[in-house]
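Grab a pencil and work through these exercises with the structure open beside you. Try each task before you read its solution.

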Amino acid sequence: RRVLFRSLGAIEAALAGCPGLRAAACRVQGSAASQILAAHVVSSDADAPPTTDVMKTHLRRTLPEYMVPAVFAFIDRLPTTVSGKLDRKSLPEISVSVAVHDHAIISPEGEVEKAVARAFKRALKRADDISVTDDFFLDLGGDSLAVVGVVLALREMGGQWARFSPRDVYEFRTVRNLANKCAIASPSARLKAPIAYGAAG
């Protein structure tokens, strides 16, 4: 984590060099194991801001994966102190519900993918659509607590799902990969009643 804090300036400089961005500021939000890297960016053209995919691709050309922010949000200007320096402490926390998610949504196919997608949405307390290729951590803002929520939601269905562990979520990370893992482990697996989910959990 100390490396991450020292690297914020490097991430901001890389983001500021992304086509379509004028400035950027990053912060680490959350606590302990649930910390994620969040980026606040200022677009050069408010009518044509760069997509998250463009920003992430730009960063990955020069930075390691762990330095790529998990969530992005556009702001009009960066907060500054009286002396004109970046006021990082004034950057608000970015919730998953307001983060920029502008990549294509690939809907789940088949009962296994749909079950895993419901588990993701329940654990993340989301009602909007998620893509089966969304990374649970980098794209959806998942943390260690949400990982436990996914595992519990899947285990409620019993059968092959009872073998799921937090390690599976950390390793496979997307709805599609987790569903494929389940299909390989138990091709004839049957699901019980669907999981309820919604904004309230």
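## Exercise 1: Strands side by side

Task: Find which residue of strand 3 is the bridge partner of Ala38, and work out in which sense the two strands pair.

Solution. Keep in mind that you're looking at a predicted model.
- Step 1: Start at Ala38 and go across to strand 3, where its bridge partner is Val71.
- Step 2: Now zoom out to the whole strands. Strand 2 covers residues 36-43 and strand 3 covers residues 71-74; they pair in the parallel sense, over 4 bridges.
- Step 3: Add helix 3, residues 52-60, to the picture. Together with strand 2 and strand 3, this helix makes a β-α-β unit, and that unit is right-handed.

## Exercise 2: Into the core

Task: Work out how many residues the largest nonpolar core has, and which element gives the largest share.

Solution.
- Step 1: The largest nonpolar core has 27 residues. Among those with the most contacts inside it are Val116, Phe120, Phe136 and Trp161.
- Step 2: Look for elements that give two or more residues to this core: they are helix 4 (110-124), helix 5 (144-155) and helix 7 (175-185).
- Step 3: Helix 4 gives the largest share, 8 residues.
- Step 4: Don't stop there! A second, separate core has 18 residues, including Cys18 and Val28.

## Exercise 3: Ring hunting

Task: Describe how the rings of Phe120 and Phe136 meet, then find which residues the ring pairs link into a cluster.

Solution.
- Step 1: The whole structure holds 4 aromatic pairs.
- Step 2: In one of them, Phe120 and Phe136 sit 4.8 Å apart, centre to centre, with 65 degrees between the planes. Planes over 60 degrees apart count as edge-to-face, and that's the label for this pair.
- Step 3: Place them along the chain: Phe120 is in helix 4, while Phe136 is in the loop between helix 4 and helix 5, 16 residues apart.
- Step 4: Phe136 also pairs edge-to-face with Phe137, at 5.2 Å centre to centre and 85 degrees between the planes. Both Phe136 and Phe137 are buried.
- Step 5: Put it together: ring pairs link Phe120, Phe136, Phe137 and Tyr170 into a cluster.

## Exercise 4: A glutamate and its contact

Task: Decide whether Glu12 is buried or exposed, and find what its side chain reaches.

Solution.
- Step 1: Glu12 lies in helix 2, residues 8-16.
- Step 2: Its relative accessible area is 10%. Buried means under 20%, so Glu12 counts as buried.
- Step 3: Follow the side chain of Glu12 to the backbone nitrogen of Cys26, at 2.8 Å.

Conventions: Residues are numbered from 1 along each chain as its sequence is written. This is a predicted model: local features need pLDDT of at least 70, side-chain atom pairs count only at pLDDT 80 or more; totals for chains, interfaces and linings use all residues. Side-chain values use heavy atoms; hydrogens and water are left out. Two strands pair if DSSP finds at least two bridges between them. A crossover is right-handed if, with the strands pointing away from the viewer, the path from the first strand over the helix to the second runs clockwise. A nonpolar core is a set of buried Ala, Val, Leu, Ile, Met, Phe, Trp, Tyr and Cys residues joined through side-chain atoms within 4.5 Å. Buried means under 20% relative accessible area, exposed over 50%, partly exposed in between (1.4 Å probe, protein chains only). Rings of Phe, Tyr and Trp (its six-membered ring) pair if their centres lie within 6.5 Å; planes under 30 degrees apart count as stacked, over 60 as edge-to-face and the rest as tilted. A polar contact is a pair of N or O atoms within 3.5 Å; within protein, one must be able to donate a hydrogen and the other to accept it, and residues adjacent in sequence count only if both atoms are side-chain atoms.
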